[in-house]
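Notebook open, viewer open. I want to look up a few things here and jot them down as I go.

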Amino acid sequence: MTKVVKTIFFCCLIILLFISLGYFSPREKQTQPSETNSSQSLQLTADEQAWLETHQPIRIAFDGYFPPYSFITNSGHIAGISYDTIQLLSQKLHIYMQIDDRVLWKDIYQGTLNKEIDVIASMVNRPEREHQFSFTKPYVFKSLVIITHNSDQQIKGRSDLVGKTVVLMKNYRYSERILKDFPSITPYYVEDMHEALTAVETKQADAAIGFFAASYFLQNKYLLNDIKFVAFYDRNSANESIAVRYDWPILAGIFQKGLDAITEEEKQTINDKWHPPSELPIDFETIGKIVAIFLLILFVLLLWIGQINRQNRRIKITQNKLFKTNKELNDLKKNLEKKIVQRTEQLQNSEQKYRSLVENLQDEYFFYQHDLEGIYTYLSPSVSVILGYSVGDCLQHYSTYLTDHLDNAKMDVYTARCINGEKLPAYEIEVFDSKGHKRSLEILESALYDDGVCIGVEGIAHDITLLKQTRERLNWLSYYDDLTGLANRRLFKDRFEQLIILSNRHQQSMALLFLDLDRFKIVNDSLGHAVGDEVLKETANRLQAQLRDSDISARMGGDEFTLLLPDTDANAAEIVAKKILQSLLMPYYLNDQQFILGASIGIAIYPRDSIDGETLLQLADNAMYFAKKEKTGYAFCSSELQNTSNRRIELEQGLRKALEQKCYENSFELKVFFQSKHSLENNIIIGYEALMRWQHPILGWISPVEFIPLAEETGLIVELSNWVMTRVCLQTIRWTQEEFNFGRVAVNISAVELINYELATNIIEVIKTTGALQEWIEIEITESALMKTPDVAIKVMQQLVDARVLISIDDFGTGYSSLSYLKNLPASFIKIDQSFIRNLLNSPEDQAVVQAVVAMSHALGKKVIAEGVETQEQLQYLTENGCDIAQGYWFSKPVPAEELSLLFPADKFILSVPTEKLTLTNS
């Protein structure tokens, strides 16, 4: 027993030593652990060779400011790991590489999107870039290290960073991750790695975290002798691949073959040239943890050995009992053998039915069995339908069909646990089918027994490729805009809240830009939605090109976009807004057509304007609306804009609340005033025009010039018009009961409503529901509204006329009507706009307009109404020139219904024309 314990203890120490030496490699690894070290032979297909012959030279660009991976030497040449690797690929693939002069990352990125550059030598493969580039597997591997001053003896590993001042790079994603790992550290932000190393050497910070090779290169270049590399922070955290323009995926595959063909000696030669030979101190903290773990394992082993001894004693006792019962079992054996024969026959029949069922599985499932060594002994024929291989090929070569997906590494573990008797849930693996496509399989396994002894594993494989793709697509669509690939409203809100918290923590400002394209609706309506979609995608690309990696862009819907700029003040936000406007003013080339759009941008600054996200978004939206209205391109939110917006919101809420009450009493805050219309032929009042008024309970009288456009913008105009129509109909019923002769009452219709084909039906329905008569109502439509959608308007007007509702064309002379439309209008009245009446006596032009309108209307069988009559002279002129009807302040201002009986006490009124002024007299 003692020898066994000593042997186990000695083995554990040896294992611990080997693991420690293997784990704490003194040099940063430049190869991925999961990849094989052996290179593959380079064999290009005929299609690949033909493609290369027609597409050379290949235009490639290097980041000129990323040593030692790629940078510009003092002599002005590109050098570095990426450059040497690409040169080697050029030789192996016999490709002529033409190096582009652009070395700034922003220029390279945009140039590749514009197809001016074919290949970017090195780029981190991120999900949002996969629809813009084709990537190889990583070939440049970068690890983060902890750097301290030579005199520092406190920081020896990650855990020692707690509470320290640590240098971090601005706008680098790993900086955010470090802050999440160690929220107690004090960040010291710098622009580049040289500043970071200098800050540590001058003891402005306790430590810095940066990429190992880059830090070592800068240390040697700038002779920073008072710093040291103490430990790895993490390994291979930002590996880079070759990025190829998205429409040349075949080139990415060619480069990948070239990378696979590079030998270990060639890789080592490049790495030795640029990679630091220095060694990192051993991480004793981690060694201590591993030692503790193995001591715990040793303790468990000792307990296990003790348990085995106790079990051995129990076994001896049990053996005595078994000996006694053995005789009884032998007696039962003969009876059992007979039953086994019967049961075997039943099992054979069941097995035949089961195998028939399995072999007829199709489309999504196949069944398999393998022994304890992992050798497959059976595969159902449906595997050929799913993967395209024959059953024989699968049995022999199944291991070569596995991809390098991480889930595949768990297969052996799951199988071992299954053999040990565990009941496991389904797990996933990934394989190549016969066409080279990746397939996801869901595996459900169970142990296979023979006489109670496990002899292997059997399982069902379910092809879930389509299901998984659908799930991933739905997940992507829940956070990103399907058309542009930008963040959608949901992801924007989440990131906005996070940035507000982060900006508050670091006492930084943040800019929110709300952008709306100009003239987009014209392009969308005239060229079609397909072109509109291409415009939105091109706009998204232009926005992305102007932003930093830390900035966030989102499509809020339609042609509205939002941009979040962390660590940005008002001045910087203004610069970005100008750059974006300049970019969007560049011509769009789509479908052999060229057009220019432009945009309007509203800007809000956190925390200057507000610390609340919803408020900031509303302020930016208001500023954008102001910029579009004033045609300034961009505008910052201000107190004046905010006051205007607050009033608009207050009026909108008040109007919405008032309409919800559906109150039609005279004392209600929404009111209808009536202005009389007078016949100039027989001197009687022929009707009234209904005019909307609003007495807000707090703000007092609100001008229709203010609340009518607001109702149109917010969509409340339909409800408001319905309320006015109902109120007028109810008033006509009261007047009828009071025997007040009101003639007809004219109600104005908004241009927004005129595009609705159901407008006439809705008006007639309101009239009938209230109990009024169609003959009592007249509808006024402005000429400008009519000409926006003349075909729809004429159809609606005809439906109303057919229902005995008369039509007036209001504000005539301001909308530039076509005579071809005018002669077909089913209107009974033409109203001359008051702008032509105001200076009628002194303006020959206005007189000509009035005479022409009267002559034309009479020729078309329509009567003329002059509105805005304020003097006797105007009335006299209109009468002499054949005008039929007049209304205006000369007769009466618009008044409430209850005052009409006081102003006009009889049911009929005669007009006389005295020397001084027209007066009203009873008939």
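Before I name any helix, a note to self: helices are DSSP runs of H or I with at least four residues, and they are numbered from the N terminus. I also keep in mind that this is a predicted model.

**Entry 1: a greasy spot on the outside**

I started with L303 and found it in helix α10, which covers residues 284-359. Is L303 buried or exposed? Neither, quite: its relative accessibility is 49%, so it counts as partly exposed, because the exposed class only begins over 50%. L303 has company, since L296, F299 and V300 join it in a nonpolar surface patch. Together the four residues offer about 400 Å² of accessible area.

**Entry 2: the five-stranded sheet**

Next I traced an open sheet of five strands and wrote down the order as β15-β14-β18-β17-β16, with antiparallel pairing. Which strands sit at the edges? I get β15 (376-379) and β16 (427-432), each with a pairing partner on one side only. On average, neighbouring strands in this sheet are turned by 30 degrees against each other, ignoring direction.

Then I picked out one pair inside the sheet. Strand β17 (residues 438-450) runs antiparallel to strand β18 (residues 453-463), and I note 10 bridges between them. One of the bridge pairs is D450 with V453, the latter in β18. Reminder for the margin: strands of a sheet pair through backbone hydrogen bonds, either parallel or antiparallel.

**Entry 3: salt bridges**

How many salt bridges does the structure hold? The count is 34, and I looked at a few of them.

I took R59 and D118 to begin with, whose side chains meet at 2.8 Å, N to O. This pair links distant parts of the chain, 59 residues apart: R59 is in strand β1 (residues 58-61), while D118 is in the loop between α4 (105-113) and β6 (119-123). The two ends are covered quite unlike each other in my notes: R59 is partly exposed with a relative accessible area of 27%, whereas D118 counts as buried at 1%.

Then I went to K137 and D404, which form a salt bridge at 3.4 Å, N to O. K137 is in the loop between β7 (133-135) and β8 (144-149), and D404 is in the loop between α12 (391-397) and α13 (411-419), so this pair ties together parts that are 267 residues apart in sequence. K137 counts as partly exposed at 39% relative accessibility, and D404 as exposed at 56%.

I also wrote down K410 with D407, a salt bridge at 3.8 Å, N to O. K410 is partly exposed, with 42% relative accessibility.

Back to R59 and D118: salt bridges with shared partners join them with K115, R245 and D247 into one network.

**Entry 4: what L483 touches**

Last stop, L483, in the loop between α14 (465-477) and α15 (489-505). Its relative accessibility is 23%, so I put L483 down as partly exposed; the buried class would need under 20%. Which residues does L483 contact, leaving aside neighbours within four places in sequence? I list D533, L536, K537 and R555. For K537 I also checked the backbone: its C-alpha atom is separated from that of L483 by 6.7 Å, with their positions 54 residues apart along the chain.

Methods
Residues are numbered from 1 along each chain as its sequence is written. This is a predicted model: local features need pLDDT of at least 70, side-chain atom pairs count only at pLDDT 80 or more; totals for chains, interfaces and linings use all residues. Side-chain values use heavy atoms; hydrogens and water are left out. Patches are made of residues with over 30% relative accessible area and no salt bridge: like charges are joined within 9 Å, nonpolar side chains (Val, Leu, Ile, Met, Phe, Trp, Tyr) within 5 Å. Accessible areas come from the Shrake-Rupley method with a 1.4 Å probe; for residues, only the protein chains shown count as cover. Helices (H or I, at least four residues) and strands (E, at least two) are DSSP runs, numbered from the N terminus. Buried means under 20% relative accessible area, exposed over 50%, partly exposed in between (1.4 Å probe, protein chains only). Two strands pair if DSSP finds at least two bridges between them. Axes are lines fitted to C-alpha atoms, for helices over the stretch in contact, and angles run from 0 to 180 degrees between N-to-C directions. Contact means heavy atoms within 4.5 Å.
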